Amino acid sequence: DQNGYLSFGPNFGGLIIQWGVTTYNNNPNGQVIIPAISFNSFFAGVVVDSGIKWNTGGTFTGVEYTDGGVIFWPLYTGDPQTVSKNGTNYHWLILCA
């Protein structure tokens, strides 16, 4: 599915993998990711721009867990640096428990 999660349960330390798609809105405070289910611990995350080809540059993002939410900010590559604009779709994946 486009958005979802997979919970491995207590035998795997409560590990949860969550994924989805969000649309960037040029928020200067970062784009909030809304996971499918709540979690207590955040381990890692990745967000990628789904519409950019590597040979023309691309957009990577930093992912941060702050105040119970997951936030990302686009970091640009390529020239000109116009790959991430308002309305760009991003795929995200987080590991949490």
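How many aromatic pairs does the structure hold? In this predicted model, the count comes to five aromatic pairs. Two of these pairs are described below, once the overall fold has been introduced.

The protein chain is built from strands, with seven of them and zero helices. Read from the N terminus, the order of elements is simply β-β-β-β-β-β-β. Of the 97 residues in the protein chain, 31% are buried. The surface that the protein chain exposes amounts to about 6,000 Å², and 54% of that area is supplied by carbon and sulfur atoms. Contacts that span long stretches of sequence are well represented: among those between residues at least 6 apart, 58% join residues at least 24 apart.

The interior can be introduced through its largest nonpolar core, which has 12 residues in all. Its members are Ile16, Tyr24, Ile33, Phe39, Phe42, Val47, Val70, Phe72, Tyr90, Trp92, Ile94 and Cys96. Three strands, β4 (42-49), β6 (69-76) and β7 (89-96), each supply at least two residues of this core. The most generous contributor is β7, which gives four residues. Ile16, one of the core members, offers a closer view of the packing. Leaving out residues up to four places away in sequence, Ile16 touches Tyr5, Leu6 and Ser7, together with Ile37 and the run Ile94, Leu95, Cys96 and Ala97.

Ser41 can be placed relative to Ile16 as well. Ser41 sits in the loop between β3 (31-33) and β4, and its relative accessibility of 33% makes it partly exposed. Although Ser41 and Ile16 are 25 residues apart along the chain, their C-alpha atoms are separated by 9.8 Å. Beyond residues up to four places away in sequence, Ser41 touches Cys96 and Ala97, both of which are also touched by Ile16.

Strand β2 provides two further examples, Thr22 and Val21. Is Thr22 buried or exposed? With a relative accessibility of 12%, Thr22 counts as buried, because the cut-off for that class is under 20%. Setting aside neighbours within four places in sequence, Thr22 is in contact with Gln31, Val32, Phe72, Thr88, Asn89, Tyr90 and Trp92. Phe72, Tyr90 and Trp92 in that list belong to the nonpolar core. Val21, counted in the same way, is in contact with Gln2 and Asn3 and with Asn89, Tyr90, His91 and Trp92. The C-alpha atoms of Val21 and Ile34 lie 9.4 Å apart in space, with their positions 13 residues apart in sequence.

On strand β4, Val46 is partly exposed, having a relative accessible area of 43%. Its C-alpha atom is 5.5 Å from that of Leu93, a residue 47 places away in sequence. Leaving aside neighbours within four places in sequence, the contacts of Val46 are Val63, His91, Trp92 and Leu93.

The aromatic rings deserve a look of their own. A pair of aromatic rings is described by the distance of the centres and the angle of the planes. For Phe8 and Phe12, the ring centres are 5.8 Å apart and the planes meet at 65°, so this pair is edge-to-face. Phe42 and Tyr65 form a stacked pair instead, with 5.5 Å from centre to centre and 15° between the planes. This second pair links distant parts of the chain, as Phe42 is in strand β4 and Tyr65 is in strand β5 (residues 59-66), 23 residues apart. Tyr65 is partly exposed, at 32% relative accessibility, while Phe42 is a member of the nonpolar core. Ring pairs also bring in Phe39, so that Phe39, Phe42 and Tyr65 are linked into a cluster.

Where does Phe8 lie? Phe8 is found in the loop between β1 (4-7) and β2 (16-23). Its relative accessible area is 33%, and Phe8 is therefore partly exposed. Its ring partner Phe12 counts as exposed, at 58% relative accessibility. Together with Leu6, these two phenylalanines make a nonpolar surface patch of about 300 Å². Leu6 is also among the residues touched by Ile16, a member of the largest nonpolar core.

Methods:
Residues are numbered from 1 along each chain as its sequence is written. This is a predicted model: local features need pLDDT of at least 70, side-chain atom pairs count only at pLDDT 80 or more; totals for chains, interfaces and linings use all residues. Side-chain values use heavy atoms; hydrogens and water are left out. A nonpolar core is a set of buried Ala, Val, Leu, Ile, Met, Phe, Trp, Tyr and Cys residues joined through side-chain atoms within 4.5 Å. Buried means under 20% relative accessible area, exposed over 50%, partly exposed in between (1.4 Å probe, protein chains only). Contact means heavy atoms within 4.5 Å. Patches are made of residues with over 30% relative accessible area and no salt bridge: like charges are joined within 9 Å, nonpolar side chains (Val, Leu, Ile, Met, Phe, Trp, Tyr) within 5 Å. Accessible areas come from the Shrake-Rupley method with a 1.4 Å probe; for residues, only the protein chains shown count as cover. A salt bridge is a side-chain nitrogen of Lys or Arg within 4 Å of a carboxyl oxygen of Asp or Glu. Rings of Phe, Tyr and Trp (its six-membered ring) pair if their centres lie within 6.5 Å; planes under 30 degrees apart count as stacked, over 60 as edge-to-face and the rest as tilted.
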